[in-house]
Structures are given as C-alpha cells and as structure tokens.
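Good morning, and thank you for coming. I would like to take you through one structure, and I ask that you keep it in view as I speak.

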Amino acid sequence: MFVSAPPSRTRVAAALGLLLPALTCAGSPPPLLSEQDWLDELPIVLSASRLPQPAENTPMATTIIDRQMIEASGFTEVPDLLRLAPGFIVNYENGYVQAVGYHMLIDRYSRQMQVLVDGRSVYEPALGGVPWTDLPLAIEDIERIEVIRGPNAASFGANSFTAVINIITRQAVLDQGLMTKINLGEQRMGEAYLRYGGSEGSLDYRVTAAYRENSGFDDRNDDMQVKLLTLRGDYQLGLNDSLMLQLGHNSGSKARDNVFDELVPEYTRQTYSQFQQLRWTHALSADNELTLQIYHNQNKDLNDYTTTPIVALGGVQVYTDARITSNRWDAEFQHILRPARPLRLIWGAGIRRDSVNAPLFFATGSDVENDSWRLFSNAEYRPHKRVLVNAGVMLENSDTGDTSVSPRASINYRFMPNHTLRLAASRAYRDPFVFEESPDYRFPLAIPNNVLLFDAGNIDPERITSLDIGYVGNFPAIHTSIDAKYFRERLDKLITYNNTPHPLGLDGKALFFSNDARARISGVELSASYRPNRANRFNISYTHLDIESDDRNNSGAFSDAGPDNMLNLLAIHEFGGGYSGSAGYYYLSSMKELESRGIRASQHRVDARLARHWSPGGRDITLALVVQNLFNDDEDTRLRNNIDRRVYGSIRIGIK
Amino acid sequence: MSLLTTVIGKHSRRACSPALWLGLALLSCAGSLAAAPDLDILFVSSRTSTDYLGFVDITSRTLRRETGRRIATTTLPADELGAGMQHDWDVIVSLGSVAARSLRKWDPASPVVYTLIPGSTYASLKTTRQLACPRDQCTAIYIDQPLERLFRITRRAFTGRRQLAVLLGPVSARQKDRLRQLADETGFSLQTATIHETRELLPALDGILKRAELLLSLPDPVAYNRRTAKSILLSSYRYRVPVIAYSKAYAEAGAALSIYSTPEQIAHQTARLLMNFFADRGAGLPGPQYPEQFNVQVNHHVSESLGLELSSASVLKAGAEGGGQ
C-alpha cells in the first residue's frame, strides 16, 4: 500500500503558516533529534595552541591572571594587573605612562619583555616599550593574561627577553548582546564602556567603544582622555578553517608637565594608534593546526611644543618637534603537529618590518627601518609518563641585531602524582630598538654644537641566560596548589647611555648608547593558590631578589633596579545573595625610583572591592565600589607620582 | 526508481556514484537469476555517506560470516523508496531518522529493525504512529547511550566532583525527571537550565556554570548544535568546568570526555540481533535496545589544561561495564 503523492512544499508551508499560531498556543511539538546530532563533525574549538598548559607541564614558570582575578582586583589599567604575578614591578612615570618590569625596572620603557595581544606584539619599535594607555584594548575584553616568567624567545619571538605577557581577549561568540559599564570616581575618573556582540551566519563579531579620562596624580599635570574603538570578528569558513579579524583605534589627549625638564612647558599632546590583524587557522585536529597571521600596528605621538624662554640663550624659545610615527608590519606562519603520540612539534617562520619617523631623534625626516626575519621550532617529548622534555630554538636576523640563536630546554619530572620538578635553561636576545641602534638626537637649534645623543657605533643585542629550578605541587585534599622557583639570570651587554666628551656636544659632552652594563639576578618566587570552593579564592605570591650589577662609570643604572622583596595577595569571597567582596595587598620593598638614580621607600598598597550582582528580567547588573590604596600609604618622590587613595563606583549592565 | 546496491552471496560492494548504483542494480538482477538467496534483507539508508554504507557493509559481512548462509542485501536511499518495490523481505533494516520516516510512507509488510535512531525520536514516531511496524514486528537499536551509563562513567571519571550541571533544550528537557532521579541515586547534586531558543544559551550557561563542577551534555537540536558548540566549550572552559559529551566530534572539538557508540559498533549489534531473529523467527524481534558497545574518549589537551587526571578511556569503560548494564 502506498500513500498518495506528498503535497508540494509550498502547500505544506502554507498549511504550516496557518497552523502555526494554533500549534504554538497548544504547545508545538519540539523538533525531533536525528542521528546527525551524534555523527556530525564539529570545528576544533579548544585546540592545543589556544589552551594554556597546566603548570606542571609548562617549560617555564607561568602565571595565569584570569577574568575573575581581573574583576576582583578592581584595577582599571592593564599593567596594574601584572602586580598579581610574582616578580613583576609596576610603576608610574605619570598618570598615563605606566612601566612594567620583571625583576628589574629602570625607566618607563618595558623594553625587556614581549607583550602580545592575541598573538600580536604591541612593542613600540621607535623608543621601545609598550605604550599601555595608547593600546586599542579595553580591559573589559580581556579573557586572561598568561605571564611567562622567564626568557622564551623560542616560543614567543623577538624581545621575549626577561618575560612574556600574553594577553588574550574573549572570543566574540562569548560577548553576544549589549554591555555597558561606567566607572566614576575620585581624581576625575570617568570611564564608559559600550560593547555589542552579535552574529550573522558563521560570523561572530564584537564592537567595543570606550572613553576614559582622569586627572592623573594630584601633583602632576597629567590629565588624560582616551577614546578607543575595537572590533573583533571570528568567522568559521568551514569545518577546519576559521578567520579572526581585529581592528582597533585609540586616540588620546594627554597633558605633560616639566618634572624632568624645566624647558618643557605644560602642554597637551595627542596620541593616535591603530592596528589591523588577520589570522587564518586551519585546524585538522587539536594536534594539527596551521596558522597564518598578518598584522600592522601604527603609533603616532604628536608631541611638539615650544620651550619656555631659555635664559642661557637670551630668552629664546625653541620649537621642538618630538613627533614620532612608528609602524610595524608582521607576518607569521606556524604549524603545530604531533607526528607520534609522545612527540609534539611547533615550527614556524616570520618576517617583520619596523619603520620609524622621528626627526628629533634621528635628525632625518625620512623613515628609519629595521627589517627582520625569524625561524622557530619547539619540540615537546614525553619519553616516560612522568617525564616531559621540552626544547626550542629561534633563529633571528635583524638589521639592528644581526643573527642570533635563542635556545631553550627544560625537563619536567613528576616524581610523585601531583608533584613535579622542573629544570629549565634558556637564552634569549633583545635586539636594540631603532633609536638605540642609530640615534642622532640634537637640540633643535641650528647651532654647530647641538648634539645630545650620538651614534657611537654598532650596538649588540642584550643577552640573557637563565637557569631555574621549579616545583609545582597540587594538594587536592586541601584545595591548594603551589608554584615555586629558584632562579639565576645573567644579563649581559645591557644597553645603557653614558656621557662622554664630544666636540659637537651641547656642553662639550654628549650621550651615547653602549653595551657595557651587566647584571646577575638570583632569587626565589613562591606562589600559592587556595580554592576551597566556588565562593572562596585566595592567591598569594612572594618574591625575593638579589641583583648584582656593574656598568661603565659606575653609573649604577641597574643597582637597586628591583626590590629585595615583593608580596601580593588577592582574596575573593562570595557572600551569597549576589554579594561578593575582594581585597588585594601589594608590597614592594625599597628600590630605585623610576627614571632617576634616587631610591624610593617600600610601598604598601591595599585595594578593596565590594560588589553586588543580580539578573532581573534577563539583564545582568553589577554594582561595585572600589577603594584603591585604602590606607593612603604614600610618600614624596621626585616624580610625585603617588597613587592617592581613590574611590570609584561602577555599574555594569549586560543585556543578552 | 533508480535502484540500489544489491549484493549477492559473498560479494560485497559500496556504491556512491549513480553509475555504480545502476551497474550494481543490473548485477543484482543477474545475480538473482543465478542463485536464489536464503535470506533477503533490505537496508534503507538516510544517507549514502561512509558512516551509513560502512554500517551496511559490516552488518552484511558479519551476518554472512557468522551464519554461513547465502544472504542477499539490498541498500536503498530513503528517498528512493516507492511503488514497484518488492515487499517480501525477510527483514528491513532502517538506518537513521529520515529512513525511519520514509518507511512509514511506503508501509512495508516485513519486520523492521530501526538503527542509528535516537531513542526519543523512535519513541515519538512510534507513539504518533509515524513509524512502520507491520504486525507489531519492529524494534530499534538506539544511537544514544542510556543515561545510567553516562552517570556511572561520569562519577567514575571525575571523582570528587559532585555539582553536575545539565543544559537542556526542548527535546532533552523531557528527560529532566529521569536525570534528577539518577542524580539522586548516584550522589550528584543536579542543576539544570532549560532554553527554548539559541539566544538564551549564554545567559543560561553563565547561570549554571558558576556553581557547576561538571557539565553533562545531552543532544538537543536547540541547545547543542554546530553553532552552539563553540559557545558551550569556550564558556565551560572559562569556568574551568569539564564537559562530558556524547559524540566523537565533541571530544575532538574540546569536551573533556565523550561517551558514544560508533556506527560500526551498532552494526555489529544489529548483525547479532538479526542472527538471533533468523535462528528463531517464532520468538519475534526483541524490544528496543541501547548500544552494548561504546567508546570513552578523553581529550587529553583539555583535561590536562583543566588540571584533571582522567583515567585512561579503557579503564573508565571497563569500570562502567563492570558496574553492569
């Protein structure tokens, strides 16, 4: 027996259209499952390259600062988050110029670390360092920060010298809907974030806009207004292929004062930065993935002014054009594969062009360029279930640093379940940035003897050799994990500038860069995390350092460049009913003041946050009150850059 | 009507292209004339991809090898069923949901074994009389795992984790009471969230993952599909909550652990069921059954990254089987 011919699709659709309201009212039957729900293939979501390794398997000591810690800390500046990692020093040159160093910090430029945002190096190629408040990056979009505490050029490329800061933003698919957040507080703090996430077919996207302003430190002329806009699109091309596109723009208006130079008037400078990044990922499995990435960063510092009257020159005022435009273009290919179960390989290659235009610093209106290429490979081999051997190497060539080979090797030995020892050795180089390699910095007045800093010849890359012994322990019964390391670091050929007699020097003397400084650092870092349940979390880190250094003319650039002791604590508690509280304590013993030879006293800082979260009618609302530097523990320093107690309130509303 | 692959005697072929289908159809006629088979089986397949054709191949080979009888098998895509088809098969094996529905339209007279079909779909089609079941002679081998098995393996794999979250959609919500009962029996504290549209997914996930230690996934067309997999896996990872999933693809995509049966395993079970049926036709077909064989796949990257020390899949599987099913 056969049923009659089925009705046409149109008729079925029409009939359904008529029936639909009735069915809905009566409770339309849900669709039925098909075997395809079991048999369909899925794109790889959590591939090896996207997952942080567990601490016991990492070749270097690693700290992960996750979203919960970011929110609980109450920090509104990205570099402050690094206070949560052992060994990291965070200091301020002024309200909007922050500096971060690992074990040592001598000036505002974080030159000795690699900083990546979603795999894009945000190192500024002209003067070096990371212009943190110029980054087109909203702290609200950060998913986690992986901090690799040690040199790791083999995995993270050039400038992965003392440490690597790997900032990972949230995938667009997790930020669907509208989110707005406003922070209002003392010191004229006003911040507004607006984010919208949506999807179109296989495309997930997110747009974030932010406006931030504050009056900086009380005794400084360092007001800041920043506007930023970022876009991220994640497009699934097919089962195995995906594209990530990111665009960002940041424009800032930043006041400047004369703390360092009385010839500099109080004025406002403009900064613009932008980037474009495109990454294609071809994931055949979690262990077999190809990526191709290209990006471009541009930083513009529109910094020009007319000096105050110069008495020595009869009251002349000199126009100073300190504008800098830098561009970085980078392309990288990477392949992760596992040819056999115990062996995992990563290899890749990259090319880069840095281009800088800064007439004041190079005495030319033309672009100064630095081209480089790199080849890298990393192998992870497990000869025994308790032993993990990791070895990597990067071969790098650049115009400023010639050819260098950065190797790294480590062995992780799990001597008992949950207890692992790690022995790691690594060497890395930091190529001179363009200004260190070929400076020609003159006082901007057409007189013969106007040289301030001259090119004294080839500058070698800085070199670090690091050896550390680590222990990673998990104690599930008491919900505690411990990470400890003893380390020795030899930093050679460190680049500093020194004074020397010069026939064209302004006072018969001029500055020049040289590789004459070196430092030996040893110490211990201890971290512990206690998470008895979802409602409580407690993190603590302690660092002890010994720095020995010597340099030309005993200028002491690196002596006391780090504190003897550092401690940080973060406690998070959920009270129930949507209430939560957190407190952070950050301690640094005395060390060299930023940008000067002076020593500053030890610093204590306590931050506290109280928040309430609730979800009425499909909305997520969080109200928070944050007190930074609760005990107003400050001191007078040359920079006068103390963080006074600051209270701010925050409201965050999410509509999905 | 364009037939079919027909395989006679010891010969066996897979067919994919129309030309090959036609060629095999002709071969079928020639073969039929040459020697009458002992048993005549019709496979009706929802698709002609490897999973389905491999299923037919394994079932046929196993039957021939184990019984030693001359077995003719005919494989027909579900959309090719229609008038003019012979009706006197010894048994019809349906592969997948589309095939199951097509058979109702054709209304065969032979006993039917529904395979590669979700239990809920079989039950729903049968209740609503959308399933061909001539003289009450039909049964099923489901593609899904019994919930008891999922709970037992989960408990064994994640010792110490008792906060179990389940995200439900319109289809899987029907199992809510059974889930609660099993959670009570196995010592889990269960939390569920039910969504009716995909846009409710992220808030619902945020709600349950905050307190969860494990996320058990159950197939549902709204809650779990290719579009939602990314959100579910990324969100769960963000909360450091391992996902227990139901397919090989999920384990590869990022679930910490997956429990599933392959079409091959179900094909072997189908062959065994048919052998028993042919040995004693008077006893009729047995009742619907879940897959006897299954795999436990651990995603080592994910589980290690979450700091989990999952026992090897074989140990988990053995443990679960040891518990009796």
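By pLDDT I mean the predictor's confidence in each residue, on a scale from 0 to 100. We need that term at the outset, as this is a predicted model. For chain B the mean pLDDT is 85, and 84% of the residues of chain B reach 70 or more. One stretch calls for caution: across residues 1-34 of chain B, pLDDT stays under 50. The model nevertheless has 50 contacts beyond four places in sequence for residues 1-34 of chain B. As for the overall scores, ipTM is 0.88 and pTM is 0.86.

Let me turn to the architecture of chain B. Its secondary structure comprises 12 helices and 12 strands. Chain B has 325 residues, of which 49% count as buried. If we take the contacts in chain B with a separation of 6 or more, 71% of them are between residues 24 or more positions apart.

Next, the interface. How many residues of chain B are in contact with chain A? There are 45, and they meet 36 residues of chain A. Several elements of chain B each supply at least two residues to this side, among them α3 (97-106), β5 (112-117), α7 (201-209) and α11 (300-305). The element that gives the most is α8(B), with 9 residues. Sorted by class, the side of chain B that touches chain A holds 22 nonpolar, 13 polar and 10 charged residues.

I come now to the interior. In soluble globular proteins, nonpolar side chains tend to be buried together. The largest nonpolar core here has 104 residues, and the members that touch the most others are L215(B), I244(B) and A255(B). Two domains of chain B, domain 1 (5-142 + 266-283) and domain 2 (147-260 + 294-322), each contribute at least three residues to this core. Which residues does A255(B) touch, leaving aside those up to four places away in sequence? They are L233(B), V243(B), I244(B), A245(B), Y250(B) and N299(B). A second core, separate from the one just described, has 87 residues, including F75(A), L105(A), V122(A) and I145(A).

In chain A, I would point out one sheet. It is open and is formed by 5 strands in the order β1-β6-β7-β4-β5, with mixed pairing. At the edges lie β1 (62-66) and β5 (120-121) of chain A, each of which pairs on one side only. The partner of β1(A) is strand β6 (residues 142-148) of chain A, and the two run in the antiparallel sense over 5 bridges. Within this pairing, T63(A) has V147(A) in β6(A) as its bridge partner.

Finally, two backbone angles. N418(A) has a phi near 75 degrees, a positive value in a residue other than glycine. This residue is in the loop between β21 (402-416) and β22 (419-430) of chain A. N418(A) counts as partly exposed because it has 15 C-beta neighbours inside 10 Å. In chain B, R129(B) also has a positive phi, near 55 degrees, and is likewise a residue other than glycine. R129(B) sits in the loop between α4 and β6 (138-142) of chain B. Is R129(B) buried or exposed? With 9 C-beta neighbours inside 10 Å, R129(B) counts as exposed, since the limit for that class is 12 or fewer.

Key: Residues are numbered from 1 along each chain as its sequence is written. Chains are lettered from A and ligands numbered from 1 in the order in which they are written. This is a predicted model: local features need pLDDT of at least 70, side-chain atom pairs count only at pLDDT 80 or more; totals for chains, interfaces and linings use all residues. Two residues are in contact if their C-beta atoms, placed from the backbone, lie within 7 Å. Helices (H or I, at least four residues) and strands (E, at least two) are DSSP runs, numbered from the N terminus. Ala, Val, Leu, Ile, Met, Phe, Trp, Tyr, Cys and Pro count as nonpolar, Asp, Glu, Lys and Arg as charged, and the others, Gly among them, as polar. A residue is buried if 20 or more other C-beta atoms lie within 10 Å of its own, exposed if 12 or fewer, and partly exposed in between; C-beta atoms are placed from the backbone. A nonpolar core is a set of buried Ala, Val, Leu, Ile, Met, Phe, Trp, Tyr and Cys residues joined through C-beta atoms within 7 Å. Domain bounds come from an automatic or database domain assignment. Two strands pair if DSSP finds at least two bridges between them.
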